[in-house]
Amino acid sequence: MQSADEIKQAFLGYRMKISQEQAEKFKTYYEFLIEENKKINLTAITEFEDVVLKHFIDSAVAVSKFKGSVLDVGSGAGFPGIVLAILRDDLQITLLDSLNKRITFLNELIKLLNLKNVKTVHSRIEDFNQKQMFDCVTARAVANLQTLSEYLLPFVKIDGKAIIYKGADFFDELEVAQNAIKVLGSQVEEVERYNLNGMSRALLVLRKIKPAPQNFPRSGNLPRKKPL
C-alpha cells in the first residue's frame with residue numbers, strides 16, 4: 001500500500017518539504033488517477049514511484065516561480081496545474097483542456113481534494129478569449145517550443161511569465177523558437193536545468209515585454225502546421 005509518508009520522503013529527497021495534509025492529497029490524487037485511467041487515457045505512467053517522481057515532483061520543481069493568476073494550457077490529468085494548486089493555495093489557477101472527458105476528471109478531482117483555488121475551462125486555446133489576462137501561463141508535454149510559444153504567450157500579462165517544462169532536447173527547440181518568442185512580444189529570462197533520477201529536464205521562463213499581435217494564436221491548427 002502506497003503511503004503519504006513515502007510521498008513526503010520522495011519530495012524531501014529533492015529538497016522539497018510538503019505538509020502531511022499535502023502528502024495525503026497527493027496520495028488521494030494518485031489513487032483517483034489510477035482508477036480513472038482505466039476508463040479514459042490520462043497517463044501512460046502508472047507505477048506509484050514513477051507518478052510521484054515524473055508527474056508530482058517534476059511539476060513541483062517550478063512551484064516557487066509562479067505568482068498570482070496562472071493558466072495551465074492542455075492540463076490533461078492536472079500536471080502541473082493541480083500539483084501547483086495543492087502546494088500553493090495563494091495561486092488562482094485555471095486549467096484549460098480541449099477534451100471534455102479530461103475536464104470531467106479534473107472537476108471530480110478538484111472536488112475530491114477540496115481545492116478552492118482552481119477552476120477548469122473546456123476550450124481549445126485558439127478559442128479562449130482571455131488574452132493578456134494571466135500573471136503566469138504554463139504547459140507541460142503539450143507541443144514543441146515554437147508551437148507552444150504561440151499557444152501561451154498571447155495570454156500572458158505584460159511583465160508576466162510563461163513557465164515551460166521541457167526535456168533534454170530543449171536547447172534545439174529554443175534555437176528554433178527564437179523568432180516566435182520575439183514576434184509574440186517576449187524574451188528568454190531564465191533557463192534552469194535539473195535532474196530527476198537520471199532524467200535531464202529543464203524549465204524555460206519567458207518574460208512578456210510587449211503585447212502579442214491580436215491575430216495570435218492562429219486557428220486551423222496553424223501553430224503546428226506552419227509555426228512562426
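**Exercise 1. Burial of Phe56**

Task: In this predicted model, determine whether Phe56 is buried or exposed.

Solution. The relative accessibility of Phe56 is 0%. The threshold for a buried residue is a relative accessible area under 20%. Phe56 therefore counts as buried.

**Exercise 2. The ring partner of Phe56**

Task: Classify the aromatic pair that Tyr29 and Phe56 form, and state where the two residues lie in the chain.

Solution. A pair of aromatic rings is described by the distance of the centres and the angle of the planes. The model contains 10 aromatic pairs. For Tyr29 and Phe56, the centres are 5.1 Å apart and the planes enclose 35°. A stacked pair requires planes under 30 degrees apart, and an edge-to-face pair requires over 60. The pair of Tyr29 and Phe56 is accordingly listed as tilted.

The next step is to place the pair in the chain. Tyr29 belongs to helix 2 (residues 20-37) and Phe56 to helix 3 (residues 48-60). With their positions 27 residues apart, the pair links distant parts of the chain. Tyr29 has 0% relative accessibility and therefore counts as buried.

**Exercise 3. A second pair involving helix 2**

Task: Classify the aromatic pair of Phe32 and Phe105, and state which parts of the chain the pair ties together.

Solution. The centre-to-centre distance for Phe32 and Phe105 is 5.3 Å, with 10° between the planes. The cut-off for stacking is an angle under 30 degrees, and the pair of Phe32 and Phe105 is stacked. Phe32 lies in helix 2 and Phe105 in helix 5 (residues 100-113), so the pair ties together parts that are 73 residues apart in sequence. Both Phe32 and Phe105 are buried.

**Exercise 4. The aromatic cluster**

Task: Which residues form one aromatic cluster with Phe56?

Solution. The cluster that contains Phe56 also includes Phe11, Phe26, Tyr29 and Phe79. Two of its members recur in the packing of helix 1: Phe11 and Phe56 are among the residues through which helix 1 meets helix 3. Phe11 and Phe26 are likewise among the residues that join helix 1 to helix 2.

**Exercise 5. Two packings of helix 1**

Task: Describe how helix 1 packs with helix 3 and with helix 2, giving the orientation and the composition of each contact.

Solution. Begin with helix 3. Helix 1 (residues 4-12) packs with helix 3 at about 50°, and the axes are 10 Å apart. Roughly parallel helices have angles under 35 degrees, and roughly perpendicular ones have angles of 65 to 115. Helix 1 and helix 3 are therefore oblique to each other. The crossing of helix 1 with helix 3 is right-handed. On the side of helix 1, Glu6, Ile7, Ala10 and Phe11 take part; on the side of helix 3, Phe48, Val52, Phe56, Ile57 and Ala60 do. By class, this contact of helix 1 with helix 3 holds 8 nonpolar, no polar and 1 charged residues.

Turn now to helix 2. Helix 1 and helix 2 pack at about 110°, with an axis separation of 8 Å. Helix 1 and helix 2 are therefore roughly perpendicular to each other. Helix 1 contributes Ala4, Asp5, Ile7, Lys8 and Phe11, and helix 2 contributes Gln20, Ala23, Glu24, Phe26 and Lys27. The contact of helix 1 with helix 2 comprises 5 nonpolar, 1 polar and 4 charged residues.

**Exercise 6. The surroundings of Gln22**

Task: Where does Gln22 lie, and which residues does Gln22 touch, not counting those up to four places away in sequence?

Solution. Gln22 is located in helix 2. Its relative accessible area is 17%, so Gln22 is buried. With residues up to four places away in sequence excluded, Gln22 touches Ile86 and Leu87. The C-alpha atoms of Gln22 and Lys8 are 8.6 Å apart, while the two residues are 14 apart in sequence.

**Exercise 7. Backbone features**

Task: Where do the cis peptide bonds at Pro80 and Pro217 occur, and what is the phi of Asn114 and of Asp159?

Solution. Phe79 and Pro80 are joined by a cis peptide bond with omega of about 10°. Pro80 sits in the loop between strand 1 (69-73) and helix 4 (81-87). The cis bond of Phe216 and Pro217 has omega of about -5°. Pro217 is in the loop between strand 7 (199-208) and helix 9 (222-225).

Asn114, although not a glycine, has a positive phi of about 55°. Asn114 occupies the loop between helix 5 and strand 3 (118-122). Its relative accessibility is 48%, so Asn114 counts as partly exposed. For Asp159, phi is near 75°, also a positive value in a residue other than glycine. Asp159 lies in strand 5 (residues 156-166). At 47% relative accessibility, Asp159 counts as partly exposed.

Terms used:
Residues numbered from 1 in each chain as written. Predicted model: local features only at pLDDT ≥ 70, side-chain atom pairs only at ≥ 80, totals over all residues. Heavy atoms only, no water. Phe/Tyr/Trp six-rings, centres within 6.5 Å; stacked < 30°, edge-to-face > 60°. Helix = DSSP H or I, 4+ residues; strand = E, 2+ residues; numbered from the N terminus. Buried < 20%, exposed > 50% of the residue type's maximum accessible area, 1.4 Å probe, protein only. Axes fitted to C-alpha atoms, helices over the stretch in contact; angles between N-to-C directions. Parallel < 35°, antiparallel > 145°, perpendicular 65-115°, else oblique. Left-handed = near helix turned anticlockwise from the far one by under 90°. Contact = heavy atoms within 4.5 Å. Nonpolar A, V, L, I, M, F, W, Y, C, P; charged D, E, K, R; others polar.
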